[in-house]
Amino acid sequence: MMMQVCFDVYGNDQAITFAVDRGELDLNIWEPIILKNIFDSFSILTNCITLFTEKCLNGIKANKTVCLKNAENSLSLSVVISFYIRVSSS
């Protein structure tokens, strides 16, 4: 659902971009499509985020043991360690 909403918002953004690009002088005859797509995107994003939170995020709890194990075994720690090795060797 989230991906479908994102694709729809992306399409609205493209329509807005084309409409803004085609506007001449200060009279932009494309304002109706610009405003319609902006408010449509606001509406579907708001509804999607609310629904996603209710159906997917509420009740999720982190498993601290697994998170700590993953953090300790992460390759990203090698970046921090290499910095200290470089500093101490110079």
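What joins the side chains of serine 41 and asparagine 12? A polar contact of 2.9 Å does. Keep that pair in mind during the tour. The model is predicted.

**Stop 1: the whole chain**

Show the protein chain as a cartoon. There are 4 helices and 0 strands. From the N terminus on, the elements run α-α-α-α. The radius of gyration is 24 Å, well over the 12 Å that the globule rule gives for 90 residues, so the chain is more spread out than a compact globule. Along its principal axes, the C-alpha trace spans about 65 × 45 × 15 Å. Colour by accessibility next. Of the 90 residues, 11% count as buried.

**Stop 2: helix H1**

Select residues 2-22, which make up helix H1. H1 has 21 residues. From its first C-alpha to its last, H1 reaches 30 Å, close to the 30 Å expected at 1.5 Å a residue.

Now show the side chains of Val5, Val9, Asn12, Ile16 and Ala19, which are buried in H1. They cover an arc of only 80 degrees around the axis, which puts them on the same side of H1. What covers the buried residues of H1 includes H2.

Turn to the face of H1 that points away from its buried side. Exposed residues Met3, Gln4, Phe7, Tyr10 and Asp21 are carried there.

Pick glutamine 4, which has its place in helix H1. Its relative accessible area is 61%, over the 50% cut-off, so glutamine 4 is exposed. Draw a C-alpha to C-alpha distance from glutamine 4 to asparagine 28. The two are 24 residues apart in sequence and 30 Å apart in space.

**Stop 3: helix H2**

Select residues 31-57 for helix H2. H2 has 27 residues. The helix reaches 37 Å from its first C-alpha to its last, close to the 39 Å expected at 1.5 Å a residue.

Show Ile34, Asn37, Ser41, Ile44 and Cys48, the buried residues of H2. What covers them includes H1. The cover is listed from the other side too: H2 is among what covers the buried residues of H1.

Move along to lysine 55, also placed in helix H2. Is lysine 55 buried or exposed? At 65% relative accessibility, lysine 55 counts as exposed. Draw a C-alpha to C-alpha distance from lysine 55 to isoleucine 29. They are 26 residues apart in sequence and 41 Å apart in space.

Then click glycine 59, which follows H2. The phi of glycine 59 is positive, near 90 degrees.

**Stop 4: the polar pair between H1 and H2**

Zoom in on asparagine 12, found in helix H1. At 7% relative accessibility, under the 20% cut-off, asparagine 12 counts as buried. Which residues does asparagine 12 touch, not counting those up to four places away in sequence? They are Asn37, Asp40 and Ser41.

Cross to serine 41, found in helix H2. Serine 41 has 9% relative accessibility and counts as buried. Leaving out residues up to four places away in sequence, serine 41 touches Val9 and Asn12.

Show the side chains of both residues as sticks. The side chain of asparagine 12 makes its polar contact with the side chain of serine 41 at 2.9 Å.

**Stop 5: the aromatic pair on H2**

Stay on H2 and show phenylalanine 39 and phenylalanine 42. A pair of aromatic rings is described by the distance of the centres and the angle of the planes. The count comes to 1 aromatic pair. The rings of phenylalanine 39 and phenylalanine 42 have their centres 6.0 Å apart and their planes at 75 degrees; that angle is over 60 degrees, so the pair is edge-to-face.

How many residues apart are phenylalanine 39 and phenylalanine 42 in helix H2? They are 3 residues apart, which means a separation of about one helical turn. Colour by accessibility again. Phenylalanine 39 is exposed, and phenylalanine 42 is exposed too.

**Last view**

Show H1 and H2 together, with two selections. One is the buried pair, asparagine 12 and serine 41, joined by their side chains. The other is the edge-to-face pair, phenylalanine 39 and phenylalanine 42, both exposed.

Conventions: Residues numbered from 1 in each chain as written. Predicted model: local features only at pLDDT ≥ 70, side-chain atom pairs only at ≥ 80, totals over all residues. Heavy atoms only, no water. Phe/Tyr/Trp six-rings, centres within 6.5 Å; stacked < 30°, edge-to-face > 60°. Helix = DSSP H or I, 4+ residues; strand = E, 2+ residues; numbered from the N terminus. Buried < 20%, exposed > 50% of the residue type's maximum accessible area, 1.4 Å probe, protein only. Polar contact = N/O pair within 3.5 Å; in protein donor to acceptor, adjacent residues only side chain to side chain. Contact = heavy atoms within 4.5 Å. Expected span 1.5 Å × (residues − 1). Arc of directions from axis to C-beta. Rg over C-alpha atoms; globule rule 2.2 N^0.38 Å.
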